Amino acid sequence: MEKYIINGGCKLEGEINIPGAKNSVLPILAASVITGKTSTISNIPNLKDVDIMVKLLSHLGAKVYHEGNIITVDSSEINKLYLPEDLVREMRSSIILMGAMLARFKEVRISYPGGCEIGPRPIDLHLKFLRQMGAEIEEAHGFLDCKTTGLKGCDIQLDYPSVGATENIILAAVTADGITTIRNAAREPEIIDLQNYINKAGARVTGAGSSVITIEGIKNLNSCSHHIIPDRIVAGTYMTAAAITKGEIIIKNIISDHIQSIIAKLKEAGAIIYYNGNSLKVIGPNKLNSLEMLQTLPYPGFPTDMQAQMMALLTIANGTSIVNETIFENRFKHAEELIKMGAKIKIFGNVAVIKGVKSLTGAKVFASDLRGGAALVLAGLIAQGTTEIGNIHHVNRGYENMFLNLKSLGASIEIV
Ligand SMILES: CC(=O)N[C@H]1[C@@H](OP(=O)(O)OP(=O)(O)OC[C@H]2O[C@@H](n3ccc(=O)[nH]c3=O)[C@H](O)[C@@H]2O)O[C@H](CO)[C@@H](O)[C@@H]1O
Ligand SMILES: C=C(OP(=O)(O)O)C(=O)O
């Protein structure tokens, strides 16, 4: 297992280019199954999760060509209707293949998806609403056997604006008979990207980005090309790296609208941020301010996927901060590791109280999930002495070339 060894104390300075969004590319690759034609997807990030999705599509019989940051999927000859459990359990996004396969083949056998350990991640909403559309889903021995005689468009009132459930319902509805309306839909930018891709292939989806999405079912889709949006969480992580290290980083290829909640909280913490078109500059202050309240919420609220990184920053802020994680039940595992580095954090259920300290000290710590791992890297960058971060494979799920990027920005970091 790879580890990062970081010697803290370097200001990060330089430029960084933000790659395509993990949470866009994965559902879009899953959606390529529906078309039965060729999809050319560009701005693909180099990530372990993308490799897993490519393996899943190839297993189904799709022809997948991956060269640099372009993937071409020809889904015309898919000839399998089940997905291997070992791959499905590697990541959460595999579940989006359920809606896509039902839309194209009316049948699929899939296991429960895996993903980061950030609390229970049920799929009850996915199943409830696919059933409402006419899917018969039998759950036995960890597998979901899904079949339909034909999905039907219907009115769906989502109990919670789940990102994955919204994506699965959109995809199932693309070829369903009639019109599907999703109310209380997730409004994340990645949902808009999915709508844009599938509409390029000929689907009729409107409303993504708002809480009401309408899908008019159609019979045939076409070949198309699509460019993935930039990863707002990767952008936010490097912005936090500038702020925490008193550095100065220019972050290129962003969509500033997508990161307004992150910009607002970093500014409140004292960072100076200038933005211009699709790039921005973040300058870290000499002393960070604490935050009275950082609450994670569905988009456009503050993203749960940035909570751990912000917690790392707040460990050295001036005063006491409160973080309220409202999306996932157990997304504070990084706090235990930050405490080993000298952070003063108390956890009360889904609330963390962080008393800023003068400095952190290097220690041997372990990443237990993707963003928690990124938070430990940020903490290592400012800690006195050496920090050894184990289980770094979690970080590689969502950050392309993090090691090389940090090195190019001046961090003292090695992989062993
Ligand atoms: C690949 C991808 O896009 N992952 C993102 C997606 O995950 P994901 O799509 O899994 O997140 P959801 O929005 O579905 O989950 C949000 C909350 O709803 C709950 N829930 C969800 C579905 C369901 O059927 N039942 C249920 O109870 C979850 O347990 C969680 O507490 O959105 C999350 C919330 O922004 C992000 O942290 C993830 O990075
Ligand atoms: C939780 C995350 O991803 P996933 O849903 O793919 O596990 C994340 O990106 O922080």
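Helices and strands in this tour are DSSP runs, helices having at least four residues and strands at least two, numbered from the N terminus. The structure on display is a predicted model.

**The annotated span and the two domains**

Begin by selecting residues 7–403. An unreviewed UniProt entry annotates this span as "domain: Enolpyruvate transferase". Helix accounts for 33% of the span and strand for 24%, and the C-alpha atoms at its two ends lie 13 Å apart.

Next, colour the chain by its domain assignment, which gives domain 1 as 4–19 + 230–415 and domain 2 as 22–227. The centres of the two domains, taken over C-alpha atoms, are separated by 31 Å. Where they meet, 19 residues of domain 1 are in contact with 17 residues of domain 2. On the domain 1 side of this contact, six residues are nonpolar, six are polar and seven are charged.

**Ligand 1**

Centre the view on ligand 1. Both domain 1 and domain 2 give residues to its shell, so ligand 1 lies between them. The shell holds 20 residues, of which N23, L125, S162, V163 and G164 come nearest. Helices to display here are α1, α5 (124–132) and α6, each of which gives two or more residues to the shell. By class, the shell around ligand 1 comprises ten nonpolar, six polar and four charged residues.

Now select K22 and N23, where the unreviewed UniProt entry places the feature "binding site". K22 is located in helix α1 (residues 22–35), and N23 is in helix α1 as well. K22 counts as buried because it has 25 C-beta neighbours inside 10 Å, and the threshold for burial is 20 or more. N23 is also buried, with 26 other C-beta atoms within 10 Å. Leaving aside residues up to four places away in sequence, K22 touches P45, L47, D49, D231 and G398.

From here, turn to helix α6 (residues 163–173). How many of its eleven residues are buried? Eleven of the eleven are, so helix α6 is largely enclosed by the rest of the structure. The buried residues include V163 and G164, and also the charged-side-chain position E167.

**Ligand 2**

Move to ligand 2 and display its surroundings: M91, R92, S93, G115, C116, I118, D305, L370, R371 and G398. These shell residues divide into four nonpolar, three polar and three charged. Domain 1 and domain 2 both contribute to the shell, so ligand 2 lies between them. G398, listed around ligand 2, is also one of the residues that K22 touches.

**A hairpin in the open**

Select strand β7 (residues 136–140) and strand β8 (residues 143–147). The two strands pair in the antiparallel sense over five bridges, and E139 of β7 has L144 as its bridge partner in β8. Is β7 enclosed or in the open? Of its five residues the number buried is zero, so β7 lies largely in the open.

β7 and β8 form a hairpin with two residues between them. Pick out H141 in the loop between β7 and β8. Its phi is positive, at about 55°, although H141 is not a glycine. H141 is exposed, with 6 other C-beta atoms within 10 Å.

A second residue to inspect is N184, in the loop between β10 (179–183) and α7 (189–200). Its phi is near 60°, again a positive value in a residue other than glycine. N184 counts as partly exposed, with 16 C-beta neighbours inside 10 Å.

**A four-stranded sheet and a cis bond**

The next stop is an open sheet of four strands, in the order β17-β18-β20-β19 and with mixed pairing. Which strands stand at the edges? They are β17 (294–295) and β19 (344–348); each has a single partner strand, so one side of each is left without a neighbour in the sheet. β17 runs parallel to strand β18 (residues 320–324), and two bridges join them. To see one pairing, select L294 together with V323, its bridge partner in β18.

Finish at P300, in the loop between β17 and α10 (307–314). The peptide bond that joins Y299 and P300 is cis, with omega about 10°.

Terms used: Residues are numbered from 1 along each chain as its sequence is written. Chains are lettered from A and ligands numbered from 1 in the order in which they are written. This is a predicted model: local features need pLDDT of at least 70, side-chain atom pairs count only at pLDDT 80 or more; totals for chains, interfaces and linings use all residues. A residue is near a molecule or strand if its C-beta atom, placed from the backbone, lies within 6 Å of it. Ala, Val, Leu, Ile, Met, Phe, Trp, Tyr, Cys and Pro count as nonpolar, Asp, Glu, Lys and Arg as charged, and the others, Gly among them, as polar. Domain bounds come from an automatic or database domain assignment. Two residues are in contact if their C-beta atoms, placed from the backbone, lie within 7 Å. UniProt positions are given in the numbering used here, feature names are shortened, and annotations may be inferred rather than shown by experiment. Two strands pair if DSSP finds at least two bridges between them. A residue is buried if 20 or more other C-beta atoms lie within 10 Å of its own, exposed if 12 or fewer, and partly exposed in between; C-beta atoms are placed from the backbone.
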